[in-house]
Amino acid sequence: TNAGSDPGVFCAVHAGTFDKLPDFNKVPSERTFETSTITIEDDPRRENVARRFRGFVLVPADECYAFDLTADDGAQIWIDGKLIVDHDGLHGPTTKRGYAPLAAGPHAIDVRWFNKSGAAELKVEWARLGGTPVELSRANLRH
């Protein structure tokens, strides 16, 4: 899979009332835009919305990586079509961790998130095993 050369990822915004992550292929997106990181900071208070972020994560070295997903409400991280972190459903801001052994180079990343009502939060961090998690940034994301 070839990563694009542009930093960041694509974000598609989908309106709707969800209790769990929707099938994004069945819910029309109202807009798609490029963003440097996986974030909702451009519209943090919006309710009844889902987002899907797609691009590539550039992995620096062959290693097992930990992915931390902080979300309110539900979210998932998919790498190369495989579910790595499943944090779906209605809940407050909590963090779940998943692990992925990855070879150096680009890997497809797909982060799915929704907010029904109340507070909203989304953050994706990663680290080599034993390392300190840092937020995925435009330095590591391409589309």
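Me: What makes the 29 residues of the largest nonpolar core count as a core?

Reply: This is a predicted model, and the 29 residues are grouped by rule. A nonpolar core takes buried residues of the nonpolar kinds, joined through side-chain atoms within 4.5 Å. Ile 38, Phe 67, Ile 77 and Ile 109 have the most contacts inside this core.

Me: Which elements give two or more residues to this core?

Reply: Strand 1 (9-15), strand 3 (49-59), strand 4, strand 5 (75-79), strand 6 (82-87), strand 7, strand 8 (105-115) and strand 9. There's also a second, separate core of six residues, with Phe 24, Val 27, Ala 50 and Phe 114 among them.

Me: What does Ile 38 touch, leaving out residues up to four places away in sequence?

Reply: Its partners are Val 9, Phe 53, Ile 109, Val 111, Leu 122, Val 124, Glu 135, Leu 136 and Leu 141. A contact here needs heavy atoms within 4.5 Å.

Me: How do you know that strand 4 pairs with strand 9 and with strand 7?

Reply: Pairing takes at least two bridges. Strand 4 (residues 63-72) has eight bridges to strand 9 (residues 121-128) and nine to strand 7, so both pairs qualify under the rule of at least two. Both run antiparallel. On the strand 9 side, Leu 69 stands opposite Val 124 and Asp 72 opposite Glu 121; on the strand 7 side, Tyr 65 faces Ala 100.

Me: Why are strand 7 and strand 10 said to stand at the edges?

Reply: The open sheet of four strands has the order 7-4-9-10, paired antiparallel. Strand 7 (94-102) and strand 10 (134-135) each have a single partner strand, so one side of each is left without a neighbour in the sheet.

Me: Why is Asp 68 called buried?

Reply: Asp 68 has a relative accessible area of 8%, and buried means under 20%, so Asp 68 makes the cut. Asp 68 lies in strand 4, where eight of the ten residues are buried.

Me: What makes the link between Asp 68 and Arg 97 a polar contact?

Reply: The distance joining their side chains is 2.6 Å, and the limit for a suitable pair of N or O atoms is 3.5 Å. So the pair qualifies as a polar contact. Arg 97 is also one of the residues Asp 68 touches, outside those up to four places away in sequence; others include Thr 95, Lys 96, Lys 123, Val 124, Glu 125 and Pro 133.

Conventions
Residues are numbered from 1 along each chain as its sequence is written. This is a predicted model: local features need pLDDT of at least 70, side-chain atom pairs count only at pLDDT 80 or more; totals for chains, interfaces and linings use all residues. Side-chain values use heavy atoms; hydrogens and water are left out. Buried means under 20% relative accessible area, exposed over 50%, partly exposed in between (1.4 Å probe, protein chains only). A polar contact is a pair of N or O atoms within 3.5 Å; within protein, one must be able to donate a hydrogen and the other to accept it, and residues adjacent in sequence count only if both atoms are side-chain atoms.
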